[in-house]
Amino acid sequence: MEQRRPSLLLALFVAITWAASAFAVAGILAVVLDRDPVQTPAPVYAGPAALALAGVAVWITVGFSTRARTPWVGALAAAAAVYLVITGVALLGSFPLFAEQASSPFVVAAALLAAVAVVATWAATRPPKAGLSGPSPSS
């Protein structure tokens, strides 16, 4: 019997969930830390562009990582890609914005959530192990 592989549509839903989670965690961090996620003046495109491009990076890494033997390389790649995309877009805005975002707990949280998304999707898409499928039909 042929094993079905998770589709890129699943990875897309995971990336959308990651974006919503990153946005929610940023809001919670803003309240807990009593700080705005971006304090340096920034172009209006910076936030949406960074989130959209980071979402594409999460989508790609989740899509490829579900087929891997272990999720760790994909998780590291997703975290690094999100961090680099967000700080790279900030650098396009200005160097002070880049310096702020490079050490921001909001960016670190988004990167860690990307790694969690890869690991969770990888674990959820594993086929069931033989012998663990429940009671046998003869019982």
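In which hand does α1 pass α2, right-handed or left-handed? I will start there and then go through the rest of the chain. What you have in front of you is a predicted model. In it, α1 passes α2 in a right-handed crossing.

First, some orientation. The protein chain has five helices and zero strands, so from the N terminus on its elements read α-α-α-α-α. There are 139 residues in the chain, and 34% of them are buried. Among contacts with a separation of 6 or more, 87% come from residues 24 or more positions apart.

Back to the opening pair. Two packed helices are described by the angle between their axes and by the distance between those axes. Helix α1 covers residues 8–33 and helix α2 covers residues 46–65. Their axes come within 8 Å and cross at roughly 140 degrees. Antiparallel would need an angle over 145, so α1 counts as oblique to α2.

Who makes this contact? From α1 the residues are Leu8, Ala11, Leu12, Val14, Ala15 and Trp18. From α2 they are Leu51, Ala54, Gly55, Val58, Trp59, Val62 and Gly63. By class, the contact of α1 with α2 divides into 11 nonpolar residues, two polar and no charged.

The second pair is α3, residues 72–93, and α5, residues 105–124. Here too the axes come within 8 Å, and the crossing is at roughly 150 degrees. That angle makes α3 roughly antiparallel to α5. The crossing of α3 past α5 is right-handed.

On the α3 side, the contact is made by Trp72, Gly74, Ala75, Ala78, Ala79, Val82, Tyr83 and Ile86. On the α5 side, the residues are Val107, Ala110, Ala111, Ala114, Ala115, Val118 and Val119. The classes for α3 with α5 are 14 nonpolar, one polar and no charged.

Now α2 on its own. How far does α2 reach from its first C-alpha to its last? Its 20 residues span 28 Å, close to the 28 Å expected at 1.5 Å a residue. The buried residues of α2 are Ala46, Ala50, Ala54, Gly55, Ala57, Val58, Thr61, Val62, Gly63 and Ser65. These buried residues pack against α1, α3, α5 and also α4, which is residues 95–102. Ala54, Gly55, Val58, Val62 and Gly63, from that buried set, also take part in the contact with α1.

Two single residues to finish. The first is Ala30, which sits in helix α1. Is Ala30 buried or exposed? Its relative accessible area is 19%, and the cut-off for buried is under 20%, so Ala30 is buried. Leaving out residues up to four places away in sequence, Ala30 touches Arg35, Pro37 and Phe106. Ala30 and Phe106 lie 76 residues apart in sequence, yet their C-alpha atoms are 8.4 Å apart in space.

The second is Asp34, in the loop between α1 and α2. Most residues other than glycine have a negative phi. Asp34 is not a glycine, and its phi is positive, about 50 degrees. As for accessibility, Asp34 has a relative accessible area of 71%, over the 50% cut-off, so it is exposed.

To recap the two pairs: α1 is oblique to α2, while α3 is roughly antiparallel to α5. Neither the contact of α1 with α2 nor that of α3 with α5 includes a charged residue.

Conventions: Residues numbered from 1 in each chain as written. Predicted model: local features only at pLDDT ≥ 70, side-chain atom pairs only at ≥ 80, totals over all residues. Heavy atoms only, no water. Axes fitted to C-alpha atoms, helices over the stretch in contact; angles between N-to-C directions. Helix = DSSP H or I, 4+ residues; strand = E, 2+ residues; numbered from the N terminus. Parallel < 35°, antiparallel > 145°, perpendicular 65-115°, else oblique. Left-handed = near helix turned anticlockwise from the far one by under 90°. Contact = heavy atoms within 4.5 Å. Nonpolar A, V, L, I, M, F, W, Y, C, P; charged D, E, K, R; others polar. Expected span 1.5 Å × (residues − 1). Buried < 20%, exposed > 50% of the residue type's maximum accessible area, 1.4 Å probe, protein only.
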